[in-house]
Amino acid sequence: MKFSPGLALFAASLICGNHAFGQNPPQTQTPPANPSQPQQNPPPQQQQPAPQNQPAPLFGGSLGIKSSEKKKESATLGFNGIDPSGKVDAKMLSTSATPTDEEKVQKMTALIPAPADLDAFLRDGGLKKR
Amino acid sequence: MKRLTIAAMILFGATAGLSQFGGIINKAKDKIDAAKEKTQKAQDAFTPWSPKDEQDIGTAGAAKMVAMFGIIEDPKVVKYVNLVGSTVAQYASRPLQYRFAVLDTEIVGAYALPGGFIFITRGALTGMTNEAQLAGALGHEVTHVAERHLEKEIRSKKTSEFAMEEANSTGKTGDLTALKADAFMKDMFTSGLSRDKEDAADEQGTKMAAQAGYSPMGLIEFLTSMRDAAKNPENKRMFGQMLSTHPPFDSRIARLQPIAARLGPGLTLDDRFRAAILAK
């Protein structure tokens, strides 16, 4: 059998070429997105029509609720410790809880509605009990 | 001689190739090992807190929240918000003692802490017009707690304040829970949650409100009101916190609309909301 230099070089390049190919594994082919697929974004169903006299959202307006008995000292930091960009400032974040604050948290647990109260609330509003 | 040279060339090519091939195999092995290590790290990143840890960290965090903002103590409002929250929480994926309070601050937001402590701000209530909106917002927060979203988020971020505090706390004495809660709160106010967790909370919160009988449009309406109000530069302080930690309002609304449409109609209970929150 006669060796051909061209054939030998071709064989060597094939070996090396395969290695190079091995370094770059073929990309997994992903099917292209189907542009004809319709977007599922139907308009929301009209629920209950907004009452004619429904008040517009206030945001920042006053509510008919009493504010906390005593504003926290931290609340005097401008907009309740909020910097001009609207983020809670570092001083506010470093506020430590006092025993009074801890007591208020304990009170939160005591204010969980009793089952009978929840049932009455659900009935009153026509809501569903699980 | 010529044949010998050619044979040598082939042998050289093949040897070089094989050695490269071996290198590639090693590289692939390294990659597989790295992937295995990454997977293990991801699994290790979230080990749920024990119920006691969750409760202790939540309690300490809630006390800090009260210290920062103060809470509304009007019994009528506190009872009402708790009743609406408990109505939605009936449908939570994890039974827990869910407790609700109103933070006395103008900023618009709601916060969910481990252990079932949920806060909505006075500023947020001023932008609502009915009970379904409140139910949707509280449902969103209940989902964060039920699904342990914040816990998962901060424990997966090795650079979070909480993770660093946890790592540094080994061997320390003192009130570690308070330290952890402190770091936890900083994370909550600075980095927020990932997009997928916020989307999940929007969707699940809306579904829970609808299951209870509320209009599934509640959260969408509230998001729309916030989007419109946030356009006014004068309101930047009110919405800055929420915008820095949540996805844009428009994308949240667009994502929720088809979900709400599928859920059908429900109650809005405008009068009851007005009587409890807006009545002077």
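**Notes on the two-chain model**

1. Let's start at a loop. Pro247(B) sits in the stretch linking α11 and α12 of chain B. Pro247(B) counts as partly exposed, because 17 C-beta neighbours fall inside 10 Å, and the bar for buried is 20 or more. Leaving out neighbours within four places in sequence, Pro247(B) is in contact with Arg195(B), Glu198(B) and Arg252(B). Leu193(B) is worth a look here too: Leu193(B) and Pro247(B) are 54 residues apart in sequence, yet their C-alpha atoms are 9.5 Å apart in space. Keep in mind throughout that this is a predicted model.

2. Now the two chains in outline. Chain B has 13 helices and three strands, and 52% of its 280 residues count as buried. Chain A has four helices and zero strands, which run α-α-α-α along the sequence. Of the 130 residues in chain A, 17% count as buried.

3. How does chain B hold together across its sequence? Take the contacts in chain B between residues at least 6 apart in sequence: 73% of them join residues at least 24 apart. The largest nonpolar core has 90 residues. Those with the most contacts inside this core are Val88(B), Val102(B), Ile118(B), Ile120(B), Ala135(B), Leu138(B) and Val142(B). Helix α2 of chain B, residues 51-69, gives the core its largest share, nine residues. As background, nonpolar side chains tend to be buried together in soluble globular proteins.

4. Val88(B) is a handy residue to click on. Setting aside residues up to four places away in sequence, Val88(B) touches Ala135(B), Leu138(B), Gly139(B) and Val142(B), and also Met208(B), Ala209(B) and Ala212(B). Ala135(B), Leu138(B) and Val142(B) are themselves among the residues with the most contacts inside the core.

5. Next, the helix pair on either side of α11. Which way do α10(B) and α12(B) run relative to each other? The axes of α10 (residues 218-230) and α12 (residues 249-263) of chain B come within 10 Å and cross at roughly 160°. That angle is over 145, so α10(B) and α12(B) are roughly antiparallel. Their crossing is left-handed. On the α10(B) side the contact uses Leu219(B), Ile220(B), Leu223(B), Thr224(B), Met226(B), Arg227(B) and Ala230(B). On the α12(B) side are Phe249(B), Asp250(B), Arg252(B), Ile253(B), Leu256(B), Gln257(B) and Ala260(B). By class, that makes nine nonpolar, two polar and three charged residues. Arg252(B) turns up here and also in the contacts of Pro247(B).

6. Helix α11 of chain B (residues 236-245) has these buried residues: Arg237(B), Met238(B), Phe239(B), Gly240(B), Gln241(B) and Met242(B). The buried residues of α11(B) pack against α4 (122-125) and α10 of chain B.

7. α10(B) has another partner in α5(B). The two helices pack at an angle of about 95°, with their axes 7 Å apart, and are therefore roughly perpendicular to each other. From α5(B) the contact takes in Ala132(B), Gln133(B), Ala135(B), Gly136(B), Ala137(B) and His140(B). From α10(B) come Gly218(B), Leu219(B), Glu221(B) and Phe222(B). The tally is five nonpolar, four polar and one charged. Leu219(B) takes part in this contact as well as in the one with α12(B).

8. What about a place where the chains meet? Helix α4 of chain A (residues 115-125) and helix α3 of chain B (residues 75-89) have axes that come within 10 Å and cross at roughly 85°, so α4(A) and α3(B) are roughly perpendicular to each other. Asp117(A), Leu118(A), Phe121(A) and Leu122(A) meet Leu83(B), Ser86(B) and Thr87(B). This contact has four nonpolar, two polar and one charged residues.

9. Finally, two backbone oddities to check by eye. Arg148(B) has a phi near 55°, a positive value in a residue other than glycine. Arg148(B) lies in the loop between α5 (131-146) and α6 (149-156) of chain B, and with 17 C-beta neighbours inside 10 Å it counts as partly exposed. Leu269(B), also not a glycine, has a positive phi of about 50° and sits in the loop between α12 and α13 (270-278) of chain B. Is Leu269(B) buried or exposed? Leu269(B) is buried, with 26 other C-beta atoms within 10 Å.

Technical notes. Residues are numbered from 1 along each chain as its sequence is written. Chains are lettered from A and ligands numbered from 1 in the order in which they are written. This is a predicted model: local features need pLDDT of at least 70, side-chain atom pairs count only at pLDDT 80 or more; totals for chains, interfaces and linings use all residues. A residue is buried if 20 or more other C-beta atoms lie within 10 Å of its own, exposed if 12 or fewer, and partly exposed in between; C-beta atoms are placed from the backbone. Two residues are in contact if their C-beta atoms, placed from the backbone, lie within 7 Å. A nonpolar core is a set of buried Ala, Val, Leu, Ile, Met, Phe, Trp, Tyr and Cys residues joined through C-beta atoms within 7 Å. Axes are lines fitted to C-alpha atoms, for helices over the stretch in contact, and angles run from 0 to 180 degrees between N-to-C directions. Angles under 35 degrees count as roughly parallel, over 145 as roughly antiparallel, 65 to 115 as roughly perpendicular and the rest as oblique. A crossing is left-handed if the near helix is turned anticlockwise from the far one by less than a right angle, and right-handed if clockwise. Ala, Val, Leu, Ile, Met, Phe, Trp, Tyr, Cys and Pro count as nonpolar, Asp, Glu, Lys and Arg as charged, and the others, Gly among them, as polar.
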